[in-house]
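Biologist: I've got this protein on my screen and I'm new to all the labels. Could you walk me through what they mean?

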Amino acid sequence: MAEIDARAARRRFDRAAPTYAGAARLESEVGARMLERLDYVRLAPARILDAGSGPAPQAAQLRRRYPGAQLVAVDFSLPMLRRARALGWRARLRGARRPATACASLERLPFAAGSVQLVWSNMALHWVADPRAALAEFQRVLAPEGLLMFSTLGPDTLKELRAAAGADRVHRLADMHDLGDWLVAAGFAAPVMDMETINLAYRDMTALLADLRASGQTNARADRARGLAGKGLRAALERAGTRATCEVVYGHAWKGAPRKSADGRSIVQFARRSS
């Protein structure tokens, strides 16, 4: 994976906070599909961590599904979190509650070990400078038998844009199998990974770039070119077509339950859970 410039990524999302909800079509669709997957999971969390929440578009659905749980939205963008806490008048009439919020990096979560029963992370891991460190933090804050459920982007994402504009203008993304290995290395039990391709149709690549800018999702590679795009790039985008391929990777894994050995020392049991 290309190293992410975390400061540049945060600036992009800060600027995009007012326009994110209307432009993040893929994130909204993937979030809805993740919510459907919770239908097959038996879980009664006391605390849910929405990791890399942005404006927390799935907060209301998570609250309806788990009405007794405290929801905490975590993001590195403070303007995004302010949007997460804003409630419209309809929501206030329904008695909706604002999520608790914490402005923090996913690699250094400000929560005690074992304090969360569900870590939910929709399309955030590919914006983390060190996703392995983030997965280790998810494992740390999860309580025994807690669940991590996440989505992220795989390496075939925006392959049309990569072919037209050059590989250095699109993020390199982790393969599904690498993510599974990282989950095991972080101490998760029996991770389940799968992938699907979602195709987005646009009038042209210029319209795609407009959505990416409005949702904060432009190039934040540490080795990105700093100059302005020239006529050659614009011509290449015109030749790229109207379809944007997105490889979406889903994963879930449980934190193993601690057990005691015969001599009383604590060990960890990695038991497979069905979902």
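Modeller: Sure, let's start with contact, which means heavy atoms within 4.5 Å. By that rule, and leaving aside neighbours within four places in sequence, Val30 is in contact with Asn122, Met123, Ser151, Ile198, Val248 and Tyr250.

Biologist: Where do these values come from?

Modeller: This is a predicted model, where local features need pLDDT of at least 70, side-chain atom pairs count only at pLDDT 80 or more, and totals for chains, interfaces and linings use all residues. Residues are numbered from 1 along each chain as its sequence is written, and side-chain values use heavy atoms, with hydrogens and water left out.

Biologist: Why is Ser151 called buried?

Modeller: Buried means under 20% relative accessible area, exposed means over 50%, and partly exposed is in between (1.4 Å probe, protein chains only). Ser151 has a relative accessible area of 0%, so it's buried. You'll find Ser151 in strand β5, residues 142–153 (strands are DSSP runs of E, at least two residues; helices are runs of H or I, at least four; both are numbered from the N terminus).

Biologist: What makes the pairing of Ser151 and Asn122 a polar contact?

Modeller: A polar contact needs a pair of N or O atoms within 3.5 Å; within protein, one must be able to donate a hydrogen and the other to accept it, and residues adjacent in sequence count only if both atoms are side-chain atoms. The side chains of Ser151 and Asn122 make one at 2.8 Å.

Biologist: And how do the labels differ for Cys103 and Cys246?

Modeller: Cys103 comes out at 47%, so it's partly exposed. Cys246 is at 4%, so that one is buried.

Biologist: How many disulfides does a search of the whole structure find?

Modeller: It finds 0, a disulfide being a pair of cysteine sulfur atoms within 2.5 Å.

Biologist: Why is Ala225 called partly exposed?

Modeller: Ala225 has 43% relative accessibility, so it counts as partly exposed. Ala225 sits in the loop between α10 (205–214) and α11 (231–239).

Biologist: Which residues of α10 are buried, and how do you know that they line one face?

Modeller: They're Met205, Ala207, Leu208, Asp211 and Leu212. Seen down the axis of α10, these buried residues fall within an arc of 155 degrees, so they line one face of the helix. The arc is that of the directions from the helix axis to the C-beta atoms. An α-helix has 3.6 residues a turn, so residues three or four places apart point the same way.
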